[in-house]
Amino acid sequence: DIDAFGAAVGIYEVARHLGKKAHIVLNEVTPGIKPFYDRFEGREGYEDDVFITSEEAMKIPGENTVAIVVDVNDPYRVECPDLLDKEAISIVVFDHHRVCERQISNADLSYVDTFASSTCEMVAEVLQYISDSIKIPAVEAECMYAGIMIDTRNFMNRTGVRTFEAAAFLRRCGADITRVRKMFRDDMESYRAKAEAMREAEVYKNQFAIAVCPGDIESPTVLAAQTANELLDISGINASFVLTVYQEKIYMSARSIDE
């Protein structure tokens, strides 16, 4: 998602600032990150191999190489699980989710901060400690700003002083809030599907909203997450569960508020 993508872009900027060769491992460009990914294609000053596949990543020698994992600490959910077992490679983890039973156990450095709103917030903090003079380009700043926006629901959930300080740093780097907002707009088909899912939602025990999203649109899992978030805006709803069929599996997005 965009928090993972924005955090990866931020780490890439750290590597560039330190004069190191870096890549971002990305196998599939999902609809949630495509508007941001498209802005990197053919950019001046960027080499063609900024984004590489898992297969290409596995060909890089492990000696003197660091694999930095962002926005996840479950080894089965990373883009290239085999990379974590590569001989001689060093592993660093940046994440803001609670550590689950399955975690990356062979990391040389594991920075997991559950109080952070997003991984982009954590990386924005790290960027400021790298150098007093560092200023990342506007495109990269917007990717990271978008990551914070998505994970906080437009700065409404899990925000603290650190969140706004990170956002302020990214604004100083040139992040355009209006442009970021325009990139998050839905097409008419998705908007109607989300509205229909909310219209058909059922309320269980007067506090749990349960809905089903259609699976025949471009990105049903993203739509399910958006629907789950919006159901929490209904008075009296303490938790929402939205199910959708995608690639012959049933996915569920669950959200809660306050209690």
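## Overall fold

Among contacts between residues at least 6 apart in sequence, what percentage join residues at least 24 apart? In this chain the figure is 66%. Keep in mind as you look around that this is a predicted model.

The chain holds nine helices and nine strands. Its C-alpha atoms fill a box of roughly 55 × 40 × 35 Å along the principal axes. The radius of gyration is 19 Å, which agrees with the value near 18 Å for a compact globule of 259 residues.

## Inside and outside

Of the 259 residues, 43% are buried. On the outside, the chain exposes about 15000 Å², and carbon and sulfur atoms supply 49% of that area.

## A look at Thr119

Let's zoom in on one residue. Thr119 belongs to helix H4, which covers residues 119-130. Is Thr119 buried or exposed? Its relative accessibility is 0%, so Thr119 counts as buried.

Leaving aside residues up to four places away in sequence, Thr119 is in contact with Asp3, Ala7, Val70, Asp71, Phe94, Asp95 and His96.

## The second largest pocket

Rolling a probe the size of a water molecule over the atoms reveals where empty space remains. The second largest pocket offers about 160 Å³ of space.

Which residues line the second largest pocket? They are Tyr37, Phe40, Glu41, Gly42, Arg43, Tyr46, Glu47, Asp48, Val50 and Phe51. By type, this lining divides into five nonpolar residues, four charged ones and one polar one.

Definitions and conventions:
Residues numbered from 1 in each chain as written. Predicted model: local features only at pLDDT ≥ 70, side-chain atom pairs only at ≥ 80, totals over all residues. Heavy atoms only, no water. 1 Å grid on protein atoms, 1.4 Å probe; cavity = no way out; pocket = protein on both sides within 12 Å on 5 of 7 lines; lining within 4 Å. Points joined across faces, edges and corners; volume = space filled by probe spheres on them. Nonpolar A, V, L, I, M, F, W, Y, C, P; charged D, E, K, R; others polar. Helix = DSSP H or I, 4+ residues; strand = E, 2+ residues; numbered from the N terminus. Buried < 20%, exposed > 50% of the residue type's maximum accessible area, 1.4 Å probe, protein only. Contact = heavy atoms within 4.5 Å. Rg over C-alpha atoms; globule rule 2.2 N^0.38 Å. Areas by Shrake-Rupley, 256 points an atom, 1.4 Å probe, with all protein chains shown as cover.
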